[in-house]
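Thanks for coming. I will put the structure up and then walk through a few parts of it.

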Amino acid sequence: MLPNKNTYLGLNRRVIFNSIVLLKIILQTCFCCCAFTAIAQQKNESIELKTHASAFVKKINKLTHQSMGLSAVKPDSALIVAKLALNISTNTKNDTAIGDAYNAIGWSWYCLGNRDSAEYFLLQSVAYLHKAKYFVLEGRSLVNLSYVYQDGEEYVKLLNCLKKARPLIEKSKDESGLSLIDLTIGSTYGDMQLYEKGKKFILSSIAIAKKLDTLQYLVPSYSAYGYLLMQQKIYDSALYYFHINYAIGTEDEDPETIAYASDNLGEAFQKKHLNNNCLNCIDSAYYYYNRALHWFTQLNSTGNIEYEQINVGSILIIKKQYTQAEKLLRQAYNYFDSLQDVRYAYNAAEQLSILYRDISDYRQAYNFNIITQKFKDSIANKNRADSISKMFALYETEKRDRAIELLNAKSKLDKEQISKQHIVQIFSFISIVLIIILFVVLFNRSRIKQQLKEVKIRNQLAADLHDEVGSSLSSILLLSKMAATAKHNENNNYNMLEKISSNTKEVIDKMGDIVWMMNPKYDEGSNVRDKLEQYVARIKDVALFNIHLQTDEAIDRLKFSMEVRKNIFLIFKEAINNTLKYADAKNIFISLKLIEKNIELTIKDDGKGFNISAITYGNGLDTMAMRAKDCKGNYEINSADGKGTLIKITIPLPHIRQKTLNN
């Protein structure tokens, strides 16, 4: 019998699944324990019961029956009732009644979560019932005791309990109990990685369940058998059994069965993808994990919901849907970390580390990698203990005559593991120190690089102000002086004022361009597009050709660095000015697009063109090439006499930040 508590999927998820599905069955089994006692009294099978007053026997039977009924709902009250039954039965010196009372007390302690007390009283129950030769109830006490060992992952004791209980339950012709015992033994062998032995017992459980023709027994057996097949990497057969359970749950409209079957299907498809490189499997895994998440949400099973969010998040990382994956994994990590559930907090942290590495957020990736290592060490220590337990179980069940040799090997293994642990700790410490040193060096290097970049930008700004604005201001000053000293001539004065006005407007435009280039608030792609359109609008007033500008919508979702933004605009501006001066074109076609992982700027005209091999670079061509190179991009120019000119600039995307990932 299992306590009625809200659990979530653990490493041995099928065992918890089996337990939840069989909860009603086990509760009925416990009630049957008491019923068997009453039947035994009626049939006079116990000589001890004949020697005591029937009033005491009936009262003890009633109290133990009441205690077992309360244990799942009110274990505190059940414990009080069971202790009262023990006091009365001790006075009667009836071994059967005492054993029955001890069984009720032990089960009450188990429901309260006290495994040590539960083990003590259930062992007492088994001893008294064995002494009374009440083998049916002894078998059921052994089954109850097996759940204590199952929770503690004490595989040797668990198997010994169930192997002793099996023939006793078999004598009572309780086929449902036999199915449950075979299922638990098979699952335990699976935990010990003895898959063939495990499959043998689970097939026995399936055969009994088919004979009983009850889905309550068949569903968990199919689930456990599919799990063992999956562990052996026989994925198609495992999927077959999981699909059967999914169909059963769908037909019966049982959300719990559908939820667990969906989780099993998702895991099987994911492992098949990882091991067999199945391209379609990842979509199937994503579908079934989402189905499991949906049904666990309907069931309001918080732990299972958070667990499935880890599964869905891991698939979303593979599908490169990082934003949603981060949200799910963060929520699951916070939940399990708050519960100090190391295994699942580790799974969530590991996936988050992978996610941040993929999106190049190395700081977060590093932080979660450290967290993962911390959890991994904790899990490794527990796995080490589990490994020793499994080894001990293997020798205990198959090689009892080598018990002393096993203990010696265990002692030696402990020493080696301690030694290895020290080495790992030293290595980890050295690694952490080296990582810290590397981090400091990289940080300083980045800081120095940034400072040099700032100096370069300042120098460039000074040069731009000197070259672009200084010359125009000097021209304005000269023209002003000439206008002041010139003789009174209206035409001359008018022309000079026109030139001053023109130069002043040019200075304002150049200053606006420089401010736009330097201001980080214009880093958005939409601002780059607006700037190009504004410049085209200005040129159209003086140009003798038509300008056709086309920008990709994807450009708006990018965030440009100042250097790239500036160079794109200046190349664009230089190309248009060259066309205006030399091309004698009727049309100029300009496009700014995002192609794969590159920004591509193309400027094409239908002018007179020129012979590239015959012309010496100048007129801004070498300047455009230099600006493309500064952005780590490529510069191409194609032209021929009478065939126009095509300029293509390609800038790699890593130099540009995306506003939203995977938009």
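I'll start at one pair of strands. Strand 5, residues 634–639, and strand 6 are joined by 6 bridges and run antiparallel. Please keep in mind throughout that this is a predicted model. Two pairs of residues let you find the register on the screen. Asn638 stands opposite Leu646 in strand 6, and Ile637 has Ile647 of strand 6 as its bridge partner. The hairpin that these two strands make has 5 residues between the strands, and in it Gly642 takes a positive phi near 80°.

Which residues of strand 5 are on its covered face? They are Tyr635, Ile637 and Ser639, while Asn634, Glu636 and Asn638 make up the uncovered face. As a general point, side chains in a regular strand alternate between the two faces of the sheet. So of the two residues I used for the register, Ile637 is on the covered face and Asn638 on the uncovered one.

There is also a helix here. Helix 24, residues 621–630, lies across strand 5 and strand 6, and its direction is at about 150° to strand 5.

Moving on from strand 6, which covers residues 645–652, we come to strand 4. These two pair in the antiparallel sense over 8 bridges, and Glu600 stands opposite Thr650 of strand 6. Strand 4, residues 598–605, is mostly covered, with 6 of its 8 residues buried.

What is on the other side of the pairing list for strand 4? Strand 3, residues 587–595, is joined to strand 4 by 8 bridges, and the two run antiparallel. Leu592 has Leu601 in strand 4 as its bridge partner. The hairpin of strand 3 and strand 4 has 2 residues between the strands, and Glu596 takes a positive phi near 55° there.

Now the whole sheet. It is an open sheet of 5 strands in the order 1-3-4-6-5, with mixed pairing. Which strands are at the edges? Strand 1, residues 546–551, and strand 5 are the edge strands, each pairing on one side only. From one strand to the next the twist averages 10°. A second helix to look at is helix 22, residues 525–540, which lies across strand 1 and strand 3 and runs at about 175° to strand 1.

Next, the helices earlier in the chain. Two packed helices are described by the angle between their axes and the distance between the axes. I have two pairs to show, and helix 12 is in both.

In the first pair, the axes of helix 10, residues 175–191, and helix 12, residues 215–231, come within 10 Å and cross at roughly 15°. Helix 10 is therefore roughly parallel to helix 12, and the crossing is left-handed. Helix 10 contributes Ser176, Ser179, Leu183, Gly186, Ser187 and Gly190 to the contact, and helix 12 contributes Tyr217, Pro220, Ser221, Ala224 and Leu228. Sorted by class, that contact has 5 nonpolar and 6 polar residues, and no charged ones.

In the second pair, helix 12 meets helix 13, residues 235–252; the axes come within 8 Å and cross at roughly 155°. That angle makes helix 12 roughly antiparallel to helix 13. This crossing is left-handed too. On the helix 12 side the contact includes Leu215, Val219, Tyr222 and Met230, and on the helix 13 side it includes Tyr235, Phe242, Ile248 and Asp252. The residues in this contact divide into 13 nonpolar, 4 polar and 1 charged.

One single residue before the totals. Ser108 lies in helix 6, residues 95–111. Is Ser108 buried or exposed? Its relative accessible area is 0%, so Ser108 is buried. What is Ser108 in contact with, leaving aside its neighbours within four places in sequence? The residues are Ser67, Ser71, Pro75, Ala78 and Leu79.

Finally, the protein as a whole. It has 24 helices and 7 strands. Of its 663 residues, 46% are buried. Taking contacts between residues at least 6 apart in sequence, 65% join residues at least 24 apart.

That is everything I wanted to show.

Methods:
Residues numbered from 1 in each chain as written. Predicted model: local features only at pLDDT ≥ 70, side-chain atom pairs only at ≥ 80, totals over all residues. Heavy atoms only, no water. Axes fitted to C-alpha atoms, helices over the stretch in contact; angles between N-to-C directions. Helix = DSSP H or I, 4+ residues; strand = E, 2+ residues; numbered from the N terminus. Parallel < 35°, antiparallel > 145°, perpendicular 65-115°, else oblique. Left-handed = near helix turned anticlockwise from the far one by under 90°. Contact = heavy atoms within 4.5 Å. Nonpolar A, V, L, I, M, F, W, Y, C, P; charged D, E, K, R; others polar. Buried < 20%, exposed > 50% of the residue type's maximum accessible area, 1.4 Å probe, protein only. Pairing = 2+ DSSP bridges.
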